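Q: Please take a close look at one metal site in this structure and at the parts of the chain around it. I would like a single connected account.

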Amino acid sequence: MKIAAGSQNSRFTSTWSDLAAIGRDQTRGGYSRHLFDDAEMALRSWFVEQAQRRGLEVETDRNSNVWAWWGSPGPGAVVTGSHLDSVPGGGAFDGPLGVVSSLMAVDELRLRGHVPTKPIAVVCFAEEEGGRFGLPCLGSRLMAGISDADHVRRLRDPNGISLADAARRVGIDPAEFGPDPVRLAMIDSFVELHVEQGRLLQQVDPQAAIAVGSQIVAHGRWRFTFTGTGNHAGTTVPADRKDPMLPAAATVLATRRLLAEHAGAVATVGRLVPVPGGSNVIASSVDLWLDARVPGAAATAALVDAIVAAARIEAELEGCSLVVRRESFSDDVIFDPALGLELNGVLKVPTITTGAGHDAGVLAPFLPTAMLFVRNPTGISHSPAEHAETADALVGIDALADVLAKLTR
Ligand code: HGY
Ligand code: MN
Ligand code: MN
Ligand code: MN
C-alpha cells in the first residue's frame, strides 16, 4: 500500500465523520438523502467545500450533477466519483464511499507527486437511487440523453411535488435539464468506486479487500396500479367488496413464488401504497412497485410478464382493474474489458459481477467505464447495516489512485 496510512487514515475518518452527520433518518434509522431535499442540498455544499479545499474547480451541470475538476474541464477527461443520495433509511456507504474515495485519491496522487497529463474530475451524479422521484440514475441518464427531460420534469414525489418545482425551490432551473453531449464527449473514461452490495467478494476471495466489476445484471422498475372500490371497513360485506389490497398482496406472494421458475432472478416489492391509506377504509386503489433483476433483458421481461399475468388473474378475481407501467429499465452492462484489464494489470484483484445498478452502468454504452468494489463485511446494503472498514476503504483509495495515475500518465 503506497498510502501514507497515517495521514490518509486520519483524513478519511475526519472526512467521513463530517459526512456521516448529514441526512440521518431519525425515524427509520440510516440515512434519507433525496434529490433537492435539505439533506441532499447540505451534501452538495459539503462536496463543494471539500473540492474547493483541494483547489478543484467546481461546476454544476445542466442536469444538477456536480463536478470538481483537477485541471480545466476539457476533452480527454478521466472521471471518477459516484452519488451522495440514498434510498430511504439507507446505509452510509452506498454512493458516499465512492465520492470520498475519489476526493482522497486526488489527495493521494498529490502526495505521490503525480502530475496528470489529462483533466481529472470527481463527479456527484444526481438522484442515483431514484429515492424521491422514482427514476434511478436520473442525472447520468439525462446527461446521456436516455431519459426525456420533459418526462423527468413532470415526475412527482410521494407528496405530489413535481421535480420541476422541487428544482426551482432550490434555485435550479428545470428548463435546463436535457442531453449534454458535449460533456459526455469530454469523458475519456469513467471509473466508479463503490461499496460492494452483497457477499460475492468474500466468496470469491475472503482475503481480498477490493475487486474490479465485470458486469451489471439487467434490472428495472414497474408500477402496478390496482383499482377497486373504496368503502367503509365496517359496513361493507365481502360480497360487495372490490378491494385492491387483495390482488396487490397476491402479487407480492406470486413474485416470490415465480422466482423458482426463473434462473438467477431476483424480484422485490419494496413499496406498496394504498389510497387513501386509512386503517378503517377499504382502499380505492393500491400502487405496488416491482423491482426485477435477471441476467439478460429477455429473461427479465419473461419474469415480469409472468408476474403481470398472475397479477391480472388476481385483479379480475376481485373485480379490480390493473394498469402496469415500466418506470425504468437497464439492460445487462458489460464493463469495458480493455479498461478492466488495465485495472487488473495495475491492481491484480478479483473480478465480480453486481446485481446493483450504478451511474457507471448508464455510461458504459457510451464510453470506457469500470467499477471498483470495496469489501462490505456484512454484505448488506440499502440498510443501516451496510458497512466498509476504514482499512479496506484506504486500500480502495490507494487502488483508485493507482488507476487514475495510470490513466493520466
Ligand atoms: O438499486 C440499485 O441497484 C442501486 O443501488 N441504485
Ligand atoms: Mn443503491
Ligand atoms: Mn449506489
Ligand atoms: Mn366513520
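A: His 382 is partly exposed at 40% relative accessibility, whereas Asp 94 is buried with a relative accessible area of 5%, where buried means under 20%, exposed over 50% and partly exposed in between, with a 1.4 Å probe and protein chains only. This is a predicted model, in which local features need pLDDT of at least 70, side-chain atom pairs count only at pLDDT 80 or more, and totals for chains, interfaces and linings use all residues. Residues are numbered from 1 along each chain as its sequence is written, chains are lettered from A and ligands numbered from 1 in the order in which they are written, and side-chain values use heavy atoms, without hydrogens and water.

The protein donors of the manganese ion (ligand 2) are Asp 94 (OD), Glu 129 (OE), Glu 129 (OE) and His 382 (NE2), at 2.0 to 2.8 Å from the ion; donors are N, O and S atoms within 2.8 Å of the metal (3.2 Å for Na, K and Ca), and because water is not among the atoms, sites may look incomplete. Asp 94 also bridges to the manganese ion (ligand 3), the two ions lying 3.6 Å apart. Asp 94 sits in the loop between β3 (77-83) and α3, and His 382 in the loop between β15 (369-374) and α13, so the pair ties together parts 288 residues apart in sequence; here helices (H or I, at least four residues) and strands (E, at least two) are DSSP runs, numbered from the N terminus.
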